[in-house]
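User: I would like to know how the labels used for this model follow from their definitions. Please go through them one at a time.

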Amino acid sequence: MAIATVMAVSPAQAQRVVRVDIKAQPLGPALRSLGRQMHVQMVFDETLLADRVSPSITGSMTPDVAIDRLLQGSGLVTSRTGQGVYVIARPAALTRVAMTGSQSQVLPQRPANQPDTEQDDTTGPTPPGGDIVVTGSRIRSKNLVETAPVTSVSQADIKLQAAFSVQEVLNRVPAIKNNDTNLSNGNGRQQFDFHGLGTNRTLTLIDGQRIGVTEGIDASVVPVGLIERVDLLTGGASAVYGSDAIGGVVNFILRKDFEGVNANVNYGFYNADNRDNIAAQAARAAGFAVPSGTANDGGRFDANISMGKNFAGGRGNISLFGAYSQVEPVLASSRSFSVCPITLSGQSVVCASPSSATPAGYFQALSGPAQNGSVLTNAAGGGREFVPFTGANGYNYNDSFYFQRENKRYNGAVFLNYEVSPALQLYANGLYLRSESRSQSDPATIQPGSIPYDINCDNPLLSQQQAGALCGTAAGTATNVRTDVRYRFTDAQSTLSSNEIYRAVAGFRGDLGSAWHYDVGGVYSTTLYRQQQLGRIDPAKVATALQVVDVNGTPTCAAVVSGSDPSCVPLDIFSTNGPSAAAVDYLSFAQGGGVFRERYEQWVGNANVTGDLGEYGIRSPFSTKGINIAVGGEYRSSGYRSRPDAAYQAAFGSTPSTLSNNAVDLYGEVNVPLVSDRPLIRDLSIGAAIRGSKYSGVERVRSTYKIDGSWRPIEDLLFRASYNKATRAPSIYELSSNANASYGVLDTNTLGDPCAGTSPVASREVCASTGVTAAQYGAIQQCPDFLCTVRNGSEGLVTPEVAHTYTYGLVLTPRMLRGFPRPPIITASRSRTASAITARSTSCRPARTPAMISSADS
């Protein structure tokens, strides 16, 4: 029998007395009927039941007693896993498994008629009915042979790791790329990235339903105190769940019958021992101060409470959840191993090249008599004197970078479930989240860019020596010298972000006889995001403030004299004393860089029907297991609205936008057991799924499909493989991101402009597609310090992408290792996904939008 992770019943419910009425019938239908009436989960192999017939049982009893009576005289034994699932098997073959995460625990066997007195530590809910719901398939199956590589993380695993967020736990899964949004360059949202294909290609669900628009989700909204388990499907699953499930699926399974009160308070901090290491040695060699000794910082506080109550004889349940957390910041420079970014130089570890934009300045004449002469910087000590720039005292980016950003979070949730009858169960829930975070980056800089900087040679802020070095024979005249100016201010830039999520779900489901189950539901979600920039400098004002003249002995902006900008304050960056506070205030964008607001909204409606055709005798002639099918449809409507204020538009080039799109999906899935219980073929099954999607704005229906298979030659070994072909339409965010500019690297694998320099990294053809002419190729100046103004966006040109995912692996369950306290389940799988994506473009010159191909292995 194959073992899979399933939704289970809590031990408290397992011992509850319930009235049952089971007539004499074949044992399989009798067990399923008992499961529905008593709300318990049972795992069994149809082939073991053969032609056995159950006795009739009527009356009030516990599940243990009821199961024992049904199995009386059958020769079968039963046990219960750590999550409350009843496992029925032959006495010699039974291995009881407590399904928590990736490890398994063997529990004692219990023959029928022997009470199970074990007390389980892990509690969890059960869905109505006796079938099993597995992430990666819409089919509710008793056979439990899952061809997709699914890893489960239980509530117990989360608690044992003492993590402050689910993201911290899941980031340790090898298939998930670490996407720690606590860092300075994060957005404060908890999101997941399978195989490095991007968070927009990983679908995040709660009980199989989408949280919301992919780019706007925040897994912090999930009530951690009510999590039963988290299923991680590491292969493509678009045929089952639709667009965005290219890289994988994260499915949070929540408890449905929590009863009582559970409160948790957690506080922790870092006790860092700053020992000497190769990174510290590199930092000292570069002249940076290295911390030593013990550092206690980064305090993190979390408190949550869960309350639940069953009513109506256990047919209904209401649960409430509330949480608050607070995180204090940690600087990268406070750790000896991260004083500076490190890299390899030959066989030596060294600090990466520091920035040439420093508080001492960087000046090189690009025109005039001293054109392309020496690179100059201000002498130490505050005097007005230029000395040669050597790069020895470049700025260290890690000085102000956050390892852990400051964050506050508030959560609330309510869940309601009520069973009218086995044919009709009602459910509804609501989630709320507000998250506030502050990130920090290096101080603002003056850098070469789209706005040129001219310094007049009679600028009264220049000493005679400085004017001569910069202007040559034009010193003291009104000549303007085009200058490569690089300068760094002293106060760190920061970003204040807030994320607010509202989510509501309602629906009904039930069993239609013993063979069919249906589920009809809807989801509404809204995400409100607000970002405020602080400490950003306006390059246009820098150019204005560098033009200074002498008015009766007082340095005065030329713009003030002409009346073009009466508020201008002269910028004095010609000594290490730095500019005045008034000058910095003048240079700053309004509100420090502006405010950006965006709203994501999504409506989802879906209906699913699953059936076991084995109840009608529809099965392979070589198998005792029936064919299972699932069909359904889904409608999604998404809306996006962004509202950057005037200051943000000026700083980042973003423009207001309002967009919407929708999708209609129809899908079907089938699982066919071909052969079972034959020599070297314990089980051989194939499956397939297909989904047709009509996206608004896309000219035709796009198809997504999968084919999979599994072969179990013996009980201990399972081989499985699958192929997925997915089509993904542009998300609402990708359609909207047409004019966003930022300063930094193009991506984590590219330094500077790939089409710049005398020997560009990108080919002539690729650069030509981005707007580079033949004359420009090989003649474009590289961005200073390889940091460019980057314009992100689709320019409205993105089209549906196609992904192909191949997954194959094996599962080994060596039952002979019974002497171990935890006999291993050994799983090995390999997945490869290739998908066409939209790239970003640099704008040291006009923006371009090259296409890229991304692939990942795990």
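User: What makes V261, I305, M307, F311, I318, L320, V414 and L416 a nonpolar patch?

Analyst: A patch takes residues with over 30% relative accessible area and no salt bridge (a side-chain nitrogen of Lys or Arg within 4 Å of a carboxyl oxygen of Asp or Glu), and nonpolar side chains (Val, Leu, Ile, Met, Phe, Trp, Tyr) are joined within 5 Å. These eight residues form such a patch on the surface, with about 620 Å² of accessible area together (Shrake-Rupley method, 1.4 Å probe). The elements giving two or more residues are β17 (293–311), β18 (316–327) and β26 (406–421); β17 gives the largest share, three residues. Strands here are DSSP E runs of at least two residues, and helices are H or I runs of at least four, numbered from the N terminus.

The model is predicted: local features need pLDDT of at least 70 and side-chain atom pairs pLDDT 80 or more, while totals for chains, interfaces and linings use all residues. Numbering runs from 1 along each chain as its sequence is written, and side-chain values use heavy atoms, without hydrogens and water.

User: Why is I318 called partly exposed?

Analyst: Buried means under 20% relative accessible area and exposed over 50%, with partly exposed in between (1.4 Å probe, protein chains only). I318, in strand β18, has 37%, so I318 is partly exposed.

User: How do you know that the buried residues of α9 line one face?

Analyst: In α9 (residues 464–471), Q466, A467, L470 and C471 are buried. Their directions from the helix axis to the C-beta atoms fall within an arc of 100°, so they line one face. Their cover, by contact (heavy atoms within 4.5 Å), includes β22 (362–365) and β29 (480–512).

Definitions and conventions:
Patch = residues over 30% accessible without salt bridge, like charges linked within 9 Å, V, L, I, M, F, W, Y side chains within 5 Å.
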